[in-house]
Amino acid sequence: MAEIKDPENTVIITLKDGDVVIELLSDVAPQHCERMKDLARAGAYDDVVFHRVIDGFMAQTGDVAHGKAGGDLRRAGTGGSEHPDLPAEFSKLPHARGTLGAARSQNPNSANSQFFINFKDNDFLNGQYTVYGRVISGMEHVDAITRGEPPANPDKMISVKVAADV
């Protein structure tokens with residue numbers, strides 16, 4: 001596992017194959033980072049599936065309302081959390097391989113709990129979606145997530161924790 005420099009701004013997502021360590025970019029997108037930490041600390045992300053995984057593009061998850069494994073996943077990808085939507089925090093950071101982007105609807109200020117991890121550099125997303133984290137270790141586990149829109153047997157985030165809490 002990579003050295004964690006700032007445990008308060010690092011999350012650990014446990015997948016079936018191992019841990020994915022994500023450095024949150026609180027200096028770039030403070031509201032998105034706080035939301036992720038709040039939901040992680042509440043256990044809201046635990047057992048949430050990757051409902052949209054496109055080979056060569058990205059893996060999307062984080063629907064805490066409709067994406068829990070074992071539930072009816074037909075609406076996975078349509079929900080958020082009980083918190084209000086977040087305003088966009090666009091930056092000059094590129095959507096590079098391993099970066100975390102805020103999923104949203106057509107409205108740029110509609111991000112809530114869902115996010116995606118880029119499998120490759122996706123420059124066409126630059127300036128249109130908030131980048132608020134990057135994988136610092138475990139990208140091989142992200143690469144192993146089952147593909148599909150939705151996957152027939154989706155992988156899930158077993159747990160999501162703030163590194164300062166573990």
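**View 1. Ile22 meets its bridge partner in β8, and that partner is Val135.** This close-up, like the others here, comes from a predicted model. Strands β2 and β8 run antiparallel and are joined by 4 bridges. As for burial, 5 of the 7 residues of β8 have that status, so the strand is largely enclosed by the rest of the structure. A general point helps when picking out side chains here: in a regular strand they alternate between the two faces of the sheet.

**View 2. Glu23 and Arg134 join their side chains in a salt bridge.** The N-to-O distance comes out at 3.1 Å. Glu23 belongs to strand β2 (residues 18-24) and Arg134 to strand β8 (residues 131-137), so this pair ties together parts that are 111 residues apart in sequence. Glu23 is partly exposed, at 29% relative accessibility. Arg134 is partly exposed too, with a relative accessible area of 36%.

**View 3. On to β6, which also pairs with β8.** Strand β6 (residues 99-102) runs antiparallel to β8, and the two share 3 bridges. For a landmark, look for Leu100, which stands opposite Gly133 in β8.

**View 4. Zooming out a bit, 8 strands make up an open sheet.** Reading across, the order is β4-β5-β7-β6-β8-β2-β1-β10, with antiparallel pairing. β4 (52-54) and β10 (159-162) are the edge strands, each pairing on one side only. Ignoring direction, neighbouring strands of this sheet are turned by 25 degrees against each other on average. In general, it is backbone hydrogen bonds that pair the strands of a sheet, in either a parallel or an antiparallel way.

**View 5. Strands β1 and β2 pair up, with helix α1 packed on the sheet.** The two strands run antiparallel and are joined by 6 bridges. In β2, Val21 sits opposite Ile12. Helix α1 packs on the sheet, where it touches β1, β2, β6, β7 (115-118), β8 and β10. The direction of α1 makes about 120 degrees with that of β10.

**View 6. Inside helix α1, Lys37 forms a salt bridge with Glu34.** Their closest N and O atoms are 3.0 Å apart. Both residues lie in α1, with their positions 3 residues apart in sequence, or about one turn of the helix. The two partners differ in burial: Lys37 is buried, with a relative accessible area of 2%, whereas Glu34 counts as partly exposed at 38% relative accessibility.

**View 7. Arg41 reaches Glu8 through another salt bridge.** The closest N and O atoms of this pair are 2.9 Å apart. It links distant parts of the chain: Arg41 is in helix α1 (residues 30-41), while Glu8 is in the segment before β1 (10-15), 33 residues away. Arg41 has a relative accessible area of 39%, which makes Arg41 partly exposed. Glu8 counts as partly exposed as well, at 32% relative accessibility.

**View 8. Five charged residues come together in a network of salt bridges.** The members are Glu8, Glu34, Lys37, Arg41 and Asp165. Two of the links have their own close-ups above: Lys37 with Glu34, and Arg41 with Glu8. For the whole model, the count comes to 13 salt bridges.

Conventions: Residues numbered from 1 in each chain as written. Predicted model: local features only at pLDDT ≥ 70, side-chain atom pairs only at ≥ 80, totals over all residues. Heavy atoms only, no water. Salt bridge = Lys/Arg side-chain N within 4 Å of Asp/Glu carboxyl O. Buried < 20%, exposed > 50% of the residue type's maximum accessible area, 1.4 Å probe, protein only. Pairing = 2+ DSSP bridges. Axes fitted to C-alpha atoms, helices over the stretch in contact; angles between N-to-C directions. Contact = heavy atoms within 4.5 Å.
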